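Let's take a walk through this model together, with the sequence in one window and the 3D view in the other.

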Amino acid sequence: MTDYPKAYWASYGQAIIDRLGLKKFGSEYHGACPSCGGKDRFWITEYQGEVRTHCRQCGTENFQEIQKALQEMGLLPTKENNVVQLRDKAVGQDDFDEQTPYHIRKGIELIGAKLEGNNVVIPIFNAQKKRVGQQTITPDGTKKFNKGLEADGAFGVCGRIAPGKLYVAEGYATCASIYSATKTNTIFALSSGNLPKVCEAIQQAFPKVELVVAADNDEAGIKAAKASGRPYATPKKQGYDWNDVFVEQGEAAVREGLKGARLPNPMFTHVSDIEMKPPQWLIDGMLEKEALTMCFGSPGAGKTFAVLDMALSIAAGKDWHGKDVEQGLVLYIAGEGHAGFARRVAAWSTTHNVDLTDVPFYKSNSAVIVNDQASSEELHQELQKMASAVGKPKLIVLDTLARTMIGDENSSEKVGEYIKALDNVKAEYGCTVLIVHHTGHSSSAQSRARGSSALLGALDAEFKVAEWGDLKILIENTKMKDAEEPEPMAFLKVTVPLTTPNGLETSSLALEYTPDKPRSKKDPEYIRMVILDQIKSVDEFGEAPRSDLKEAVGLELECSQRTANRHIKKLIDEGVLALRGGCVVVA
């Protein structure tokens with residue numbers, strides 16, 4: 001039987017029926033024998049998913065002749081032209097001669113079509129199930145229609161049209177690939193421009209059909225999919241169709257990719273249909289769900305400790321220092337600090353008495369360049385695998401921006417590419433993305449993240465991590481677009497002794513919440529205290545030159561000397577201070 005590879009019913013059954021004009025009787029299809037010519041003694045049937053053939057006129061002794069005749073007509077696979085075997089061997093176009101039929105070049109079964117010489121011929125129908133013509137595809141891929149074909153709303157079929165899901169593709173090869181991979185009825189619309197018309201015609205004629213567009217990932221394909229008004233999915237790679245995915249990645253990748261089909265977002269929504277709902281939180285009042293968020297701070301300030309503390313709390317489903325969390329999968333893309341990561345995780349586990357064995361937290365083994373196409377494709381593939389294996393992520397951390405982005409972070413164009421890539425991830429998986437970033441280098445830039453202002457503009461929320469003394473850090477929100485800004489939170493950096501698996505002693509840090517926190521530099525009482533203290537520091541007798549005092553107060557309050565002078569004048573007006581010559585004294 002090695003000369004007769006398995007002929008699956010889904011791939012060859014309908015093609016044999018159509019080509020030979022067989023009629024159904026019970027579970028069998030009867031007609032003229034392709035070998036002996038008997039008019040009605042030949043039959044085929046489906047047995048365990050495969051095609052079974054027989055002729056009651058020429059009998060089983062002529063089985064090989066029947067098989068050979070069907071193979072010559074392209075209605076059964078051969079050892080040489082078994083497209084499944086060719087696809088599995090990843091045969092390239094250079095391995096085919098100019099007469100190799102189109103379906104073999106494309107790595108697909110001949111489904112809903114027939115072979116005439118070396119040309120693939122596919123019947124074309126309208127929504128009334130009337131055959132209106134045919135498409136002929138030559139070995140070099142040239143596609144021709146019969147003269148007089150009314151193409152508007154016309155289509156080819158792999159499978160049949162019946163209630164339930166029906167995929168709609170542009171071309172025959174894509175259609176056949178989807179049908180082979182999903183075993184779901186699929187039609188092809190002949191062109192991208194005709195696809196919306198086909199969808200409309202099918203939906204009117206068959207209201208119980210659930211249309212899903214399997215679009216090409218190019219401008220015309222996406223435009224047609226959106227115009228159809230139906231859920232659609234495209235391959236991840238630009239310029240690819242689902243036949244490309246089928247050949248390069250296999251049936252499972254096609255099935256998985258089409259699961260992501262979704263409705264195109266309308267450009268406008270009526271005001272009465274806009275849904276009002278309160279913010280949804282991963283960490284109550286601190287980290288919003290499905291948001292683009294950033295944590296920034298100077299080198300060594302404790303950014304990674306703070307973010308890792310949040311991420312592990314979410315993965316473990318443990319409250320974050322008294323704030324409720326929503327538990328879920330966390331993916332941590334680490335671009336730096338790999339050596340100390342295990343110690344930091346162990347310190348957190350020890351401090352909070354949490355066994356991490358079953359906690360859904362995964363760290364990358366290397367950085368991912370988000371705005372690089374090849375690296376981004378690899379990330380998407382890994383995310384799909386993770387989603388299938390353990391579910392969709394709730395939080396993805398990128399530590400740091402500099403290690404996960406290519407190009408100048410001061411370039412609004414490069415930052416825009418980076419943001420767009422993260423927005424796509426956020427939209428596809430419904431997760432929060434948290435970026436870890438650095439402050440600027442100069443002392444005047446310590447209050448903001450470095451780089452293009454386009455980044456801040458795109459964020460839903462931002463918080464700063466700053467050192468406070470030798471043993472404390474302060475987490476202070478600097479942007480919260482759609483909710484009330486939380487109060488600053490302070491933490492002690494606690495040293496946690498650890499022992500490695502081979503018995504060596506080591507340690508790392510963990511964070512412990514403390515209600516103590518620095519006074520606000522905008523608090524009038526604090527400003528008054530600073531000015532009085534600075535007068536004494538400038539002059540022990542309580543008399544300070546105004547120019548020296550402005551400079552000292554400005555440094556302490558981290559404000560301009562102009563603002564410092566305004567604070568000093570306010571206290572003079574209130575009678576707390578007085579002027580004596582060019583000096584300021586306590587009244």
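**Starting at an arginine**

The side chain of Arg105 reaches the backbone oxygen of Pro139 at 2.9 Å. Keep in mind as you look at it that this is a predicted model. The Arg105 side chain also gets to a second backbone oxygen, that of Thr100, at 3.0 Å. Arg105 itself is found in helix α4, residues 102-105. Is Arg105 buried or exposed? Its relative accessibility is 18%, so Arg105 counts as buried, the cut-off being under 20%.

Now go back towards the start of the chain. Strand β2 (residues 28-31) pairs with strand β3 (residues 42-47) in the antiparallel sense, over three bridges. One place to click is His30, whose bridge partner in β3 is Trp43. On to the next pairing: β3 and strand β4 (residues 50-55) are antiparallel too, with six bridges. Here Phe42 stands opposite Cys55 in β4. The hairpin of β3 and β4 has two residues between the strands, and Gln48 takes a positive phi near 50° there.

Since we've run into a cysteine, how many disulfides does the structure hold? Zero. Take Cys33: the nearest cysteine sulfur belongs to Cys36 and is 3.7 Å away, whereas a disulfide needs the two sulfurs within 2.5 Å, so Cys33 is in no disulfide. Cys33 counts as buried because its relative accessibility is 5%. Cys583 counts as buried as well, at 17%.

Next up is a sheet. Strands of a sheet pair through backbone hydrogen bonds, either parallel or antiparallel. This one is an open sheet of nine strands with mixed pairing, and the order to trace is β18-β17-β19-β20-β16-β21-β22-β23-β24. β18 (361-363) and β24 (505-514) stand at the edges; each has a single partner strand, so one side of each is left without a neighbour in the sheet. From one strand to the next, the twist averages 20°.

For a parallel pair, look at β17 (residues 329-334) and β19 (residues 393-399), which are joined over six bridges. Ala334 stands opposite Asp399 in β19. Then bring helix α10 (residues 303-316) into view. α10 lies across several strands, including β16 (292-297), β17, β20 (432-438) and β24, and runs at about 155° to β17.

Stay in this part of the model and find Ala449, in the loop between β20 and α15 (453-458). Why does this loop residue count as buried? Because the relative accessibility of Ala449 is 10%, and anything under 20% qualifies. Leaving out residues up to four places away in sequence, Ala449 touches Met294, Phe296, His437, His438, Thr439 and Glu462. As for Val436, it is 13 residues from Ala449 in sequence and 9.8 Å away in space, C-alpha to C-alpha.

Last stop: helix α17, residues 546-557. At 1.5 Å a residue, its 12 residues should span 16 Å, and the end C-alpha atoms are 16 Å apart, which agrees. Which residues of α17 are buried? They are Leu549, Ala552, Val553, Gly554 and Leu557. An α-helix has 3.6 residues a turn, so residues three or four places apart point the same way. The cover over the buried residues of α17 includes α16 (524-538), β25 (543-545), α18 (561-573) and β27 (583-586). Just past the end of α17, Glu558 takes a positive phi of about 55°.

Key: Residues are numbered from 1 along each chain as its sequence is written. This is a predicted model: local features need pLDDT of at least 70, side-chain atom pairs count only at pLDDT 80 or more; totals for chains, interfaces and linings use all residues. Side-chain values use heavy atoms; hydrogens and water are left out. Two strands pair if DSSP finds at least two bridges between them. Helices (H or I, at least four residues) and strands (E, at least two) are DSSP runs, numbered from the N terminus. Axes are lines fitted to C-alpha atoms, for helices over the stretch in contact, and angles run from 0 to 180 degrees between N-to-C directions. Contact means heavy atoms within 4.5 Å. Buried means under 20% relative accessible area, exposed over 50%, partly exposed in between (1.4 Å probe, protein chains only). The expected span of a helix is 1.5 Å times one less than its number of residues. A polar contact is a pair of N or O atoms within 3.5 Å; within protein, one must be able to donate a hydrogen and the other to accept it, and residues adjacent in sequence count only if both atoms are side-chain atoms.
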